[in-house]
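Trainee: I would like to go through a structure with you. May I ask my questions one at a time?
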Amino acid sequence: MTDREATAKAYAEVVNGRRSIRGYKRDPVPKVLIREILALAMRSPSSLNTQPWNFYVVTGEPLERIRAENTRRNLERIPSTREFRGMENYEGVHRERQVGIAKQLFGAMGIARDDKPKRTDWVLRGFRQFDAPACIVVTYDRVLVGSDIAPFDCGAVATAIVNAAWSRGLGCVINSQGIMHSAVVRAEAGIADDQTIMICIAIGWPEDSFPANRVVSTRKTLDEAATFVGFDD
Ligand SMILES: Cc1cc2nc3c(=O)[nH]c(=O)nc-3n(C[C@H](O)[C@H](O)[C@H](O)COP(=O)(O)O)c2cc1C
């Protein structure tokens, strides 16, 4: 195998092998390893090389307090304080895909459609950052709020983080559940006033016996996604 083939193979193994991890071992993730992952991810491209992202890596007591307060607020149905606009309700094909992954996850976990307590447990698990030993909160410079490109750049760095983590045997799930109550995260993680909270990423060692970790999500076909223009064939 040539070096180039070996590189292509290793890259494909990471990208095709990665999946969202929603069940973790309790073992901590060494800070040095998270630093290594973030340093790699920061090689991501960004618009005009503006690198608008920043990271707050939270573990231990502050993370426990976030989990507890997220849970309380969710149970008491306190409205979200997320700092970006999301979609209220997806429709059409997007709704179908949303339902599709939920069915896969609930199927793996043995959660029946009408089993409200188990469904609530699952939702709360998300609000607890899936009990991961650490969580990376991705923020961006508040002066850029209003441009769509800074959140795009955060997406690029988030993808790079989960892939870099996977290449080192770590699992992640990018999630907006964890920052649904951004006011809590902001206070507990000491997020600076000049930062806007974009997303968070639970990170830890995958618990292989956790059924949802084996779920491989589907993708639309390449031909649905890609239009080739100006090619001869
Ligand atoms: C911006 C973003 C937000 C997400 N929020 C959540 C979330 O709140 N809870 C969750 O369980 N997964 C969340 N996910 C994970 C997606 O469900 C997952 O990436 C998708 O179903 C594809 O599965 P895969 O990551 O295993 O390939 C999020 C992913 C992204 C990129």
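Trainee: Where is Gly146 found?
Mentor: Gly146 is found in the loop between strand 2 and helix 6; helices (H or I, at least four residues) and strands (E, at least two) are DSSP runs, numbered from the N terminus. Please keep in mind that this is a predicted model, in which local features need pLDDT of at least 70 and side-chain atom pairs count only at pLDDT 80 or more, while totals for chains, interfaces and linings use all residues. Residues are numbered from 1 along each chain as its sequence is written, and side-chain values use heavy atoms, with hydrogens and water left out.

Trainee: Is Gly146 buried or exposed?
Mentor: Gly146 counts as exposed, at 72% relative accessibility. Buried means under 20% relative accessible area, exposed over 50%, and partly exposed in between (1.4 Å probe, protein chains only).

Trainee: What separates the C-alpha atoms of Gly146 and Phe84?
Mentor: A distance of 9.8 Å separates them, and the two residues are 62 residues apart along the chain.

Trainee: Now the interior. Which residues touch the most other members of the largest nonpolar core?
Mentor: They are Ile37, Phe55, Ile136, Val138, Ile161, Ile201 and Ile203, in a core of 26 residues. A nonpolar core is a set of buried Ala, Val, Leu, Ile, Met, Phe, Trp, Tyr and Cys residues joined through side-chain atoms within 4.5 Å.

Trainee: Which element gives the largest share of this core?
Mentor: Helix 6 does, with eight residues.

Trainee: And what does Ile161 touch?
Mentor: Leaving aside residues up to four places away in sequence, Ile161 touches Ile37, Leu38, Ala41, Phe55, Ile136 and Ile201. Contact here means heavy atoms within 4.5 Å.

Trainee: How many residues are in the second, separate core?
Mentor: That core has 13 residues, including Val58, Ile66, Val137 and Ile179.

Trainee: Let us change topic. How many aromatic pairs does the structure hold?
Mentor: The structure holds three. Rings of Phe, Tyr and Trp (its six-membered ring) pair if their centres lie within 6.5 Å; planes under 30 degrees apart count as stacked, over 60 as edge-to-face and the rest as tilted. Trp122 and Phe130 form an edge-to-face pair, 6.4 Å centre to centre with 70° between the planes. Trp122 and Phe130 are both buried.

Trainee: What about Phe228 and Phe231?
Mentor: Phe228 and Phe231 also pair edge-to-face, at 5.5 Å centre to centre and 85° between the planes. Phe228 is exposed, with a relative accessible area of 55%, and Phe231 counts as exposed at 55% relative accessibility.
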